[in-house]
Amino acid sequence: MRTLIRWIGAFFRYLWKTINFIRLLLINVVFFTLVALIFVAISSDEPSVTLPEKAYLQVELSGPLLDQRTQGDPFGEASRLLSGEWQSQLTLYEIVQTIRHAATDDRIQGMVLNLNELEPTSLTKLRYVAKAIEEFKAHKKPVIVYGEHYSQGQYYLASFADEVYMAPYGSVMLQGFSSYGLYYKSLLERLDIHPHIFRVGTYKSAVEPFLRDDMSVEAKEASSALLNQLWGTYLADVAENRGTTVEKISPNIDKLLADLRRANGNMAQLNVEYKLIDQRLNRPQFDERIHTRFTDSEALDFYAYHQQIQPQEGYLNHGNIGIVTIDGPIVDGLSTPTEVGGATIASLLREARNNDDIKAVVLRVNSPGGSAYASEAIRVEVDALRSSGKPVIASMSSMAASGGYWVSVSADKIIAQPTTITGSIGIFGLFLSFEDALKNIGIYSDGLGTTAFAGMSPARELTPEVNEFIQLGVEHGYQQFIDLVIHHRQLTRKQVQAAAQGRVWTGQDALKLGLIDELGDFDDAIHSAAIIAGVEHPVPTWVQPPLSTFESFMLGLQATTGIDINQIMSRSLPAPFASTAQQVVKDFNQLSTFNDPKGQYALCLNCLQF
């Protein structure tokens with residue numbers, strides 16, 4: 001009887017699961033179909049805007065400044081459109097081109113900047129936007145900025161405006177640049193986790209967090225040089241923009257405290273005294289100021305203006321200067337929304353090589369490097385492009401270090417900005433083993449293998465012979481890196497050794513060392529590519545992986561439904577602890593990108609801190 005009851009119960013459980021599965025399947029099919037139809041409808045019917053005869057641009061830059069539009073997020077785009085935020089995600093290049101178009105548009109009388117939602121970004125990218133703002137001002141059109149408060153990055157861009165206003169309760173604090181990280185040596189020892197490190201280069205400090213509890217002298221030396229150069233550039237630019245001195249806007253701590261005591265702790269008052277801010281106004285007062293300044297002009301949203309003028313030659317896939325973007329850590333295999341796959345980039349370079357319309361390629365690099373194997377796969381395709389008669393210009397963005405430099409080294413010309421982080425010529429390998437940690441909880445690994453390498457696992461100790469084998473491979477990879485730089489940069493071994501050892505340089509120093517050819521930005525790279533290729537009217541075209549509408553939709557859906565641990569922690573933990581917790585997750589998540597087939601990495605982890 002009990003058996004019969006169990007069988008009946010099992011039958012109904014199975015029946016319910018089947019019905020529930022069909023129910024969920026039908027609901028999902030209907031839901032996804034509706035969303036897809038909405039997305040297609042919106043995509044095929046972009047909003048139109050009638051431009052007024054006279055207007056001023058309201059520019060509210062938000063989020064990060066990206067070198068390339070995030071791929072595979074149509075679901076997120078559709079949701080933004082449905083919520084009324086119909087603007088597309090604009091790239092750094094599109095923002096600059098839209099400002100430039102407005103500069104020569106007689107209907108546009110001026111520009112009002114709001115930077116409250118602009119996320120932290122590199123000084124290199126900010127300088128590119130600032131260049132466009134300066135060109136806008138050169139046409140005798142005023143630029144005015146307002147902020148509730150200003151972060152350091154936001155203020156850098158704000159300093160290029162003709163007039164800088166701030167809420168009475170706001171503040172600007174130029175706190176400087178830093179390079180602090182978390183170190184895990186003692187934690188790993190307490191957990192009986194053994195880091196096996198294989199590296200070449202005195203300054204190859206990417207693996208130090210797993211070897212030490214503090215920053216090495218060599219790492220401090222390299223970081224200090226970088227930080228001082230970047231901070232010096234920041235202060236010099238701001239002081240020049242505001243018509244004052246570096247000493248005035250960035251006093252030593254004693255003077256700052258004395259001035260703050262005199263101001264009864266009112267930092268906003270000091271901001272005015274230091275000439276960082278022109279005037280403190282609340283929002284209604286500022287709105288009245290803008291109304292008075294642009295009496296006969298209408299407010300025009302920046303993104304609506306962009307949609308109307310559509311300066312998107314770069315996305316029509318029929319330009320003559322191909323742009324291939326490497327934005328993020330380099331991994332073996334295919335690209336993801338957060339990682340650059342060597343196989344994906346190699347295929348894009350082949351596509352550019354086989355496209356008769358493309359006469360030259362700009363390799364836009366914003367990467368700390370990663371897999372040495374994947375970096376070489378990309379570089380080989382750069383060589384193939386050159387062999388086919390198409391010149392390649394490497395344009396370094398915020399950083400092009402280690403593997404980011406590796407993929408750039410064989411280009412016809414390398415162009416970087418003075419504040420670009422590059423170099424880091426070095427190789428390392430990292431392997432964590434847990435054999436003692438497992439023993440502590442009663443788990444052991446035992447068995448047989450036909451060779452010393454069979455059955456290599458985090459659960460087993462690495463033998464001295466295997467350690468030596470891996471170290472020799474890393475040293476060979478380092479020499480390969482050195483030889484590539486010697487050959488393509490036409491430097492002596494002594495010169496390259498002096499610039500290598502894993503040390504990181506600014507673009508300004510890299511030029512002196514012969515690691516790059518000239519200082520310049522993305523515009524200069526396109527111009528150089530056109531000159532070398534003999535193209536009279538360069539039209540950039542972004543070479544991107546072709547995806548069907550359905551593939552893009554599903555990729556976006558997958559990305560949208562993922563769990564962001566950093567977001568969860570930032571919302572659930574008190575602010576002082578959230579950033580530290582996020583850093584820990586970030587450091588150990590980085591290990592998940594270590595998929596090089598040979599276990600060799602040309603990666604500058606500490607570059608991500610600048």
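Guide: Helices and strands are DSSP runs, numbered from the N terminus. In this predicted model, the protein chain comes to 24 helices and 20 strands.

Visitor: What share of the 610 residues of the protein chain counts as buried?

Guide: Buried means under 20% relative accessible area, and 48% of the 610 residues fall into that class. The accessible surface of the chain comes to about 29700 Å², with 55% of that area belonging to carbon and sulfur atoms.

Visitor: How should I read a single position such as Thr 420, and is Thr 420 buried or exposed?

Guide: Begin with its place in the chain, which is the loop between β14 (413–416) and β15 (421–423). Thr 420 counts as buried because its relative accessibility is 0%. Leaving aside residues up to four places away in sequence, Thr 420 touches Thr 124, Met 396, Ser 397, Ser 398, Met 399, Ala 400, Trp 505, Thr 506 and Gly 507. For the chain as a whole, 77% of the contacts with a separation of 6 or more join residues 24 or more positions apart.

Visitor: Which residues form a nonpolar patch on the surface?

Guide: Phe 453, Met 456 and Phe 469 form such a patch, and together they have about 300 Å² of accessible area. Met 456 sits in the loop between α17 (435–440) and α18 (464–489), and with a relative accessible area of 39% Met 456 is partly exposed.

Visitor: Where does the "coiled-coil region" annotation lie, and what does the model have there?

Guide: The annotation comes from an unreviewed UniProt entry and covers residues 253–280. In the model, that span is 61% helix and 7% strand, and its end C-alpha atoms lie 24 Å apart.

Notes: Residues are numbered from 1 along each chain as its sequence is written. This is a predicted model: local features need pLDDT of at least 70, side-chain atom pairs count only at pLDDT 80 or more; totals for chains, interfaces and linings use all residues. Side-chain values use heavy atoms; hydrogens and water are left out. UniProt positions are given in the numbering used here, feature names are shortened, and annotations may be inferred rather than shown by experiment. Helices (H or I, at least four residues) and strands (E, at least two) are DSSP runs, numbered from the N terminus. Buried means under 20% relative accessible area, exposed over 50%, partly exposed in between (1.4 Å probe, protein chains only). Contact means heavy atoms within 4.5 Å. Patches are made of residues with over 30% relative accessible area and no salt bridge: like charges are joined within 9 Å, nonpolar side chains (Val, Leu, Ile, Met, Phe, Trp, Tyr) within 5 Å. Accessible areas come from the Shrake-Rupley method with a 1.4 Å probe; for residues, only the protein chains shown count as cover. A salt bridge is a side-chain nitrogen of Lys or Arg within 4 Å of a carboxyl oxygen of Asp or Glu.
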